[in-house]
Each structure stands twice: as structure tokens, then as C-alpha cells.
Amino acid sequence: MTRESETSMELAVPPRDRASINDVARRAGVSAQTVSRVANGMNNVRPATRERVLAAMNELSYRPNSAARNLKAGRFRSIGLVTFNMTTLGNERTLNAVAESASAAGYTTILLPVADPTQSEVAGAFGRLQEQAVDGIILIMSAEIGSPEELRLTAGLPLVIVDSDATQPYTIVDTDQEQGARLATQHLIDLGHREIAHVTGPASSYSARRRAEAYRSVLTEAGLTVPPTLVGDWTAASGLARGREIAASEHPPTAVFVANDQMALGVLHAFHERGWKVPEQISVVGFDDSDDAEAYWPALTTVHQNFDEVGQRATSLLISLIDGEPAPQNALVQTHLVVRDSTAPARTS
């Protein structure tokens, strides 16, 4: 056998589905440690050697085994997501933002929706995520989910909660619900409205409660009567039902603050059904600034929520916690009022 054939035999890659780090090391004439340094982007490799290793990787279609590397480092590069009711605009947008932000940071995401927003459902989801080896969890849950002690079921995993009660001893990321409701209510007062109704979300929703509390506070501060709130469930159908109640009342208000845009759509339908002109006879303000809000008839004045920023902040803070860095307990994302055609000065007669 010639020396040339012996060398060829030494450099031949055994038949297998995937080249190994040792295959690359033999092809490049270096140690496996050197290949590992190049694969991990370390700088303590001479340029000529790096080029030779990279060429060998390319020739052999070698891809570093990131899973094994992460396991060795005690990391899985994976984030768990637990949520209830993925059909709401806020949850849908926030989930998308978390997934995109996590991917950009090199993390995968595992989504586990729960059937009911209860402590036992959330505990079960946490347990399943622990079995799937995640580094941390983002919990998107607007409803009450139990006491702080019950939430310690994360068993030490870093946890960030989105859209929940800020009294929880965890990092909370949320829209500034109070600020948004104050902007909506004050806008109507500034237009001269003195009889302002409120269609709220379900009583179990933290966001709905905070918006309703802020609405009542602004009316009280202005010396105005606070009427009983009308409870909806975030859907246009519930807005239609509550809107019909308002339209049938003996002394209807001159304005309505609705806790989300979907319910506002139903309220507008009820008023059109009654023959009322919006905003000439009654003004309507929503909350969310959904993609369709500008296409409502009339175009809806509403509070803008930045769901993308909420998702991005939640992801960034969770990764900081995973890395052992401190994170603020509460992070509020600011809102702003988008004035369109559904609000006008109060009628004078």
C-alpha cells in the first residue's frame, strides 16, 4: 500500500448519517478541542487553523451538536409558555412577540395552553414543562391563579408573569392598565360628558378590574356620579347585549367607555340598531387599538396597547433571570389614546 493511499485511509470519514467532531479534527489535522473552540466562536485559535477547521466543517457538512453542548452547560435554550384563552387579541399578540424575541435570542419556545385559569391547571402545565427541560417559564394569565405560595410550584425555575396582579412576588410585565383607563375616561370628561357608562370585562380578569377601578377613580375625582358597571366577557356578542341595555335605559348616558375593542364593536352595533348617531348622540371609547379599530363605523377612539413590547420585555427579563441577573419586580408598558371619530363633545340637549 502506498503512503498516499495510507493517508487517504486515515482521512476517510466512516459512513454515518452525520459527521462527528472527531471526523472534522482528522480532516483538518487538529485536535477535537480545537474544533470545539472554532465551533463555539472562541478567539484562541490561529486564523490559518480556524480557516482549515471551517473548511473541513463545510466539506463534511458538520453541524455542532448544540443540544449536547447546552446540556453540558446546564442549559436547554428553551422557554416554556403557559396561557389561557389564546383567542383574545392581547394573548395572541403577546405570544407572537415572545416567540419572535426568543427565537432571535437563540431560544425555542414550548406552548402549553390550559383549559381553565386555575391553580391546579397552571401547576400541571408547570410540571409538564419541567419534564420537557425548559430554562424558564412565561405565564400569560389575566385571571387570578392562586396565592404566591401556590405559584412556587415552578420549583426554582425563573418565572415571568404577564398581565397579572402586580402583588405577586415575581417579575410582572403588563400594560399600564390604570393609565389607559384614565386616559379614556378623562378624554370623555374633557369633551363635556358627565354621564359616562362603562362596559367592563369579566370579573375574573385582572386587567378588567384595573380598568374599572381607574374609571371609577377618575369619575369620583371629577365629582361625577359613578353608575353601576355593565359586565361583558370580551366578546362582541357581550358588547351587543350590554349596548342594548344602555339603549333601552330610561336615562341613557352621553358616553360609554368599553373595556376592549371587540365589545365596543357590539356596543356600536346596538346603538346603530337603536337609530342613535355616534358620536353626535353618544360617544364610545374602546381599549386595545386592534387592527380593525380604524375600520369600525365610525372609526373607534381607543387606548393603544403595545403588545409587542410586552412580549419583548417579558422575554428579555426572563433570559436575564435565566442568566442569573437581577430583574425588576414590575415592568409597566405605557399606553396612549388614539382619538378617531367615535367621540365628540357631549350633546347639549
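**Strand E8 and its sheet**

User: Which handedness does the β-α-β unit made by E8, helix H11 and E9 have?
Analyst: The unit joins E8 to E9 through helix H11 (residues 261-274). Helices (H or I, at least four residues) and strands (E, at least two) are DSSP runs, numbered from the N terminus. A crossover is right-handed if, with the strands pointing away from the viewer, the path from the first strand over the helix to the second runs clockwise. By that criterion, the unit of E8, H11 and E9 is right-handed.

User: Which residue in E9 stands opposite Val-256?
Analyst: The model is predicted, with pLDDT of at least 70 required for local features and 80 or more for side-chain atom pairs, while totals for chains, interfaces and linings use all residues. Residues are numbered from 1 along each chain as its sequence is written, and side-chain values use heavy atoms, without hydrogens and water. E8 and E9 run parallel and are joined by three bridges, pairing being assigned if DSSP finds at least two bridges between two strands. The residue opposite Val-256 is Val-284.

User: Are the residues on the two faces of E8, Ala-255 and Phe-257 on one side and Val-256 and Val-258 on the other, buried or exposed?
Analyst: Buried denotes under 20% relative accessible area, exposed over 50%, and partly exposed in between (1.4 Å probe, protein chains only). Both faces of E8 are covered, and these four residues are all buried.

User: Which strands stand at the edges of the sheet?
Analyst: Six strands form an open, mixed sheet in the order E7-E6-E8-E9-E10-E12. Two of them have a single partner strand each, so one side of each is left without a neighbour in the sheet: E7 (230-231) and E12 (336-338).
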